[in-house]
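Here are a few exercises to work through with the coordinates open. Try each task yourself before reading its solution.

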Amino acid sequence: MRGFATLLITGCFIYSCQMPAKEEKGKVLADKYCSGCHLPVAPDMLDKETWTRHVLPAMAPKLGIRVWNGDQYYPPQPGEKASLISIEDWTTLTAYYEKMAPEKLAPAKVPAPLQRDWSIFSMKRPEGVDTNALATTTMVSFDPEQPVIYTGDAGSNALARWDSTLHRNAWWRMLSPVVHMAYYRDSAGQQQGLLTQIGNMRALDAPAGVISRLNLGEPGSKLKDLAAFLKRPVQTVTADFNRDGLNDMAVCAFGHNQGGLYWLKQLPGHQYQQLTISEVPGAIHAETGDFNHDGWTDLMVLFAAADEGIWLFENDKKGGFTSSCLLRFPPLYGSTGFQLVDLNGDGKEDILYTCGDNADFSMIIKPYHGLYVYLNEGGHKYRQAWFYPVNGCTKAVAADFNRDGKTDIVSIAFFADMKTNPAEKFIYFEGRGQLDFVPHAPPIEKEGHWICMDVKDYDHDGDVDIILGNYGRGFNILDDYKPDWKEYQPFIVLQNNVVIKR
């Protein structure tokens, strides 16, 4: 879904005095020209073919090098803007990557094998689904107050509501696919749904994204657009950032080559003024909170284009924010999301981070995709303490699913290794404490292709349930692989069957 160009290469590699002179010069050139806008990418993070046939040719135009037939490089033509690097130096740089990259990447070492069982879950399917239709679910959301589910669909550009028996009982036409839904109460106390419509699933900079409101407490209510002309917005969160008593919004507009993080400031007439927090594409997930304990709401935001990382935006109390970087990741990670949760019981919120977007120039299985835990050491410092490899990991949510007092985790992987390990599309990590987990994989891999997930107590029985959204077709990065899941089924519910002791 990301579809933007992973901007590509880097230097800053471990120096070796035994490196031949030509490779050493290639490393120096990579340091100079390729690591200015994101963290370094060592040659061994991709295989030789991916570097030479896909990533390097995609990077060349960024430096003013013309590409012909995928692997032939030329200087600019007369009258064109001068390149930033000579053809000779570019050839040396590309030769360095070709020489140092492996033929194939080594598979990841899995710390604990998947247990193939249902564990605490059972499955419920939606009722009355057209088996001839193609499911292109882009959003699933449990209503926090009643046993109702909302789903977004890219094929019909519609928002659907499903009742407690999983029958669809309402449907709204949208301008573009809904990719996120938040809930809040308005000044009259009525529940509102805040809908983020992406505009374009494809990687375009067209300002077609819209933020809309739907009155969930009024039957037959119509959508009201709150903000428009955004470049591929993917999430909207609400907070009173300037403490004027009015609920504002912060929007992650992922964009493509353009995009940013925006504050939609609510005015007294209930209109919104768009203010720029950061004019950088790739904003994909935001969390609100008073992170510096000064009484004002701040933002913690994950950016997932080129210079990937998590940034803290502290409220300056004057109508703006000051930013600082908490964590940075190489651009090949394909960051997908994070959650703030205390994972070691010390009272501080840690970071559960996922990476695995794999729809760009390096569409291969990557052993560094998966789930990471960064422990909060205070002073806005975080330390990696746990990693579990999951190919193409898309999202993870931590909660006490089995009600034993220990934190568990569930994850989905849209770009999983469908050929050899399709079970990793959904994993339930049963927590044993001290970041020790037993991974369970219920046999649901043939039910769908999971692109989105929500976690709440759907049936209000005291335990946490899960809904998985199915994007039935497309985004297949594996050669000679034919999908074998149900392409028509929009979602499934994994009902939690833990017995709650009264």
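The exercises below concern a predicted model.

**Exercise 1.** Check the length of helix α3 (residues 87-100) against the expected rise per residue, then find what its buried residues pack against.

*Solution.*
- Step 1: Helix α3 has 14 residues, and the expected span is 1.5 Å times one less than the number of residues, so 20 Å should result.
- Step 2: The C-alpha atoms at the ends of α3 are 20 Å apart, which agrees with that expectation.
- Step 3: Now list the buried positions of α3: Asp89, Trp90, Thr92, Leu93, Thr94, Tyr96 and Tyr97.
- Step 4: An α-helix has 3.6 residues a turn, so residues three or four places apart point the same way.
- Step 5: The partners that the buried residues of α3 pack against are α1 (21-34), α2 (48-59) and β2 (72-74).

**Exercise 2.** Decide whether Asn315 is buried or exposed, and describe its surroundings.

*Solution.*
- Step 1: Locate Asn315 in strand β18, which covers residues 308-315.
- Step 2: The relative accessible area of Asn315 is 6%; buried means under 20%, so Asn315 is buried.
- Step 3: Leaving aside neighbours within four places in sequence, Asn315 is in contact with Phe241, Asp294, Trp296, Thr297, Asp298, Gly320 and Phe321.
- Step 4: Look at Phe241 in particular: its backbone oxygen lies 2.7 Å from a polar atom of the Asn315 side chain.

**Exercise 3.** Work out how strand β14 (residues 260-266) is enclosed and which strands pair with it.

*Solution.*
- Step 1: Six of the seven residues of β14 are buried, so this strand is largely enclosed by the rest of the structure.
- Step 2: Strand β13 (residues 248-253) pairs with β14 in the antiparallel sense over five bridges, and Leu261 in β14 is the bridge partner of Cys252.
- Step 3: Six residues separate β13 and β14 in their hairpin, where the turn residue Gly255 has a positive phi of about 65°.
- Step 4: Strand β15 (residues 272-278) runs antiparallel to β14, joined to it by six bridges; Tyr262 has Thr276 in β15 as its bridge partner.
- Step 5: β14 and β15 also form a hairpin, with five residues between them, and His270 in the turn has a positive phi of about 65°.

**Exercise 4.** Lay out the open sheet of four strands and identify its edges.

*Solution.*
- Step 1: The strand order is β3-β30-β29-β28, with antiparallel pairing.
- Step 2: β3 (121-124) and β28 (450-456) are the edge strands, each pairing on one side only.
- Step 3: On average, neighbouring strands of this sheet are turned by 25° against each other, direction ignored.
- Step 4: Six bridges link β28 to strand β29 (residues 465-470), where Asn470 is the bridge partner of Trp450.

Conventions. Residues are numbered from 1 along each chain as its sequence is written. This is a predicted model: local features need pLDDT of at least 70, side-chain atom pairs count only at pLDDT 80 or more; totals for chains, interfaces and linings use all residues. Side-chain values use heavy atoms; hydrogens and water are left out. Helices (H or I, at least four residues) and strands (E, at least two) are DSSP runs, numbered from the N terminus. Buried means under 20% relative accessible area, exposed over 50%, partly exposed in between (1.4 Å probe, protein chains only). A polar contact is a pair of N or O atoms within 3.5 Å; within protein, one must be able to donate a hydrogen and the other to accept it, and residues adjacent in sequence count only if both atoms are side-chain atoms. Contact means heavy atoms within 4.5 Å. Two strands pair if DSSP finds at least two bridges between them. Axes are lines fitted to C-alpha atoms, for helices over the stretch in contact, and angles run from 0 to 180 degrees between N-to-C directions.
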